[in-house]
Amino acid sequence: MHPTDEIILSLDKINKSYDDRIVLHEISLDVKKGEVVVVIGPSGCGKSTLLRCINGLEPIQNGRIRLNDQTITDVGTDWTKVRQHIGMVFQSYDLFPHMTVIENILLGPIKAQKRSKKEVEAQAELLLERVGLLDRKTAYPRQLSGGQKQRVAIIRALCMNPDIMLFDEVTASLDPEMVREVLDVMLQLAKSGMTMIIVTHEMAFAKAVADRVLFMDNGYIVESGKPEEFFNAPQTQRAKKFLNQFKFSENREDEA
């Protein structure tokens, strides 16, 4: 599915600092409904901080963030309500160890959204079946592989019926063979029209899934463009240098 012209998320000159260290500089970004934006860049460039600011986990010093028609950075914003519209999946799965898979998934929709258990369970089972985990719904997190836990974390976020999903390096802590099963789920989401912002180091995945690639460095968006343009003909020297590291790594693997 292609993105619509409707802007669902808008960032206007966002600044974020820790004490005297500025980590996000004048970040402006519009995300359209159904668009998949992939954010790449070196470690420490501000990618994860950007996602955390969007979800209200980090306060911003200046600027404005709007979700749909609401300015969510205003004083007095009820983030409990706002986060029902923003799904976020982290590197760490953050599943409750004393709860089964289905209990982990049902908790938010039933407690926060006051939806019926029957309705949410039907949705959860449908999604679990789609990612090949329906037979694990009564298992506990300790009985799952890393890839399975991450897929459950994604389903948990989706069952809140969010307007946008944020993914923060969700494959970073997985073994290589588990990475593919998680990326496949995210690729399915992209094809279904889910609006997503994805922070990743998986360049092949970024090429395959993105409608737009943002390259960040030192807290700035240095370059933005369609994946085929960015990966084949980056416009800035900094982006060229960054991408050359991955090409060198791929060549070394081919030689091995």
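**Exercise 1. Take Asn55 and find which residues it is in contact with, leaving aside its neighbours within four places in sequence.**

*Solution.* Let's start with the contacts. Once the neighbours within four places in sequence are set aside, Asn55 touches Trp79, Arg83, Ile86, Met88 and Leu166. Keep in mind as you look around that this is a predicted model.

Next, place the residue. Asn55 sits in the loop between α1 (47-54) and β4 (62-67).

Now, is Asn55 buried or exposed? The cut-off for buried is under 20% relative accessible area. Asn55 has 4% relative accessibility, so it counts as buried.

Two of those contacts, Ile86 and Met88, point one way from β6, while Gly87 and Val89 point the other way, and all are buried. That fits a general pattern: in a regular strand, side chains alternate between the two faces of the sheet.

One last step links two contacts of Asn55. Met88 has Leu166 in β7 as its bridge partner. The strands themselves, β6 and β7 (residues 164-168), pair in the parallel sense over four bridges.

**Exercise 2. Work out which residues of α1 are buried, and look at what comes just after the helix.**

*Solution.* Go through the helix and pick out the buried ones: Lys47, Thr49, Leu50, Leu51, Cys53 and Ile54. That makes six of the eight residues of α1, so the helix is largely enclosed by the rest of the structure.

Then step off the end. Just after α1, Gly56 takes a positive phi of about 75°.

**Exercise 3. Put the strands of the open four-stranded sheet in order, then check each pairing.**

*Solution.* The order is β2-β1-β4-β5, and the pairing is antiparallel. Which strands are at the edges? They are β2 (21-32) and β5 (70-71), each of which pairs on one side only. Against this sheet packs α1, which touches β1 (7-18), β2 and β4, and the direction of α1 makes about 115° with that of β1.

Now walk across the sheet, pair by pair:

- β1 and β2 run antiparallel, with eight bridges between them. Tyr18 stands opposite Arg21 in β2. The hairpin these strands form has two residues between them, and there Asp19 takes a positive phi near 55°.
- β1 and β4 are joined by five bridges, again antiparallel. Look for Leu11, whose bridge partner in β4 is Ile65.
- β4 and β5 make an antiparallel pair over two bridges. Here Leu67 has Gln70 of β5 as its bridge partner.

**Exercise 4. Find which strands β3 pairs with, and say how well β3 is covered.**

*Solution.* Begin with the cover. Strand β3 (residues 36-40) is mostly covered, with five of its five residues buried. Split the strand by face and you get Val36, Val38 and Ile40 on one side, with Val37 and Val39 on the other; all are buried, and both faces are covered.

Now for the partners. Strand β8 (residues 196-199) runs parallel to β3 and is joined to it by four bridges. Within this pair, Val37 has Ile197 of β8 as its bridge partner. Strand β9 (residues 212-217) also pairs with β3 in the parallel sense, over four bridges. For a landmark there, find Ile40, whose bridge partner in β9 is Phe215.

**Exercise 5. Explore the largest pocket: its volume, its lining and the element that gives the most to that lining.**

*Solution.* First, the volume: the largest pocket comes to about 600 Å³. There are 25 residues lining this pocket, and the closest to its centre are Arg83, Met88, Arg156, Ala157 and Met160. You've met two of these already, as Arg83 and Met88 are in contact with Asn55.

Which elements give two or more residues to the lining? Those are β6 (86-89), α3 and α5. The biggest contribution comes from α3, with five residues.

What kinds of residues are these? The lining divides into 15 nonpolar, seven polar and three charged residues.

To finish, turn to α3 (residues 101-111) itself. Its buried residues are Val101, Ile102, Asn104, Ile105, Leu106 and Pro109. Included in what covers them are α4 (117-130) and α5 (146-158). So α5 turns up twice: it helps cover the buried residues of α3, and it gives residues to the pocket lining.

Note on methods:
Residues are numbered from 1 along each chain as its sequence is written. This is a predicted model: local features need pLDDT of at least 70, side-chain atom pairs count only at pLDDT 80 or more; totals for chains, interfaces and linings use all residues. Side-chain values use heavy atoms; hydrogens and water are left out. Buried means under 20% relative accessible area, exposed over 50%, partly exposed in between (1.4 Å probe, protein chains only). Contact means heavy atoms within 4.5 Å. On a 1 Å grid over the protein atoms alone, a cavity is a set of points where a 1.4 Å probe fits but cannot get out, and a pocket is an open set with protein on both sides within 12 Å along at least five of seven lines; lining residues have an atom within 4 Å of a point. Grid points are joined across faces, edges and corners, and a volume is the space filled by probe spheres set on the points. Ala, Val, Leu, Ile, Met, Phe, Trp, Tyr, Cys and Pro count as nonpolar, Asp, Glu, Lys and Arg as charged, and the others, Gly among them, as polar. Two strands pair if DSSP finds at least two bridges between them. Axes are lines fitted to C-alpha atoms, for helices over the stretch in contact, and angles run from 0 to 180 degrees between N-to-C directions.
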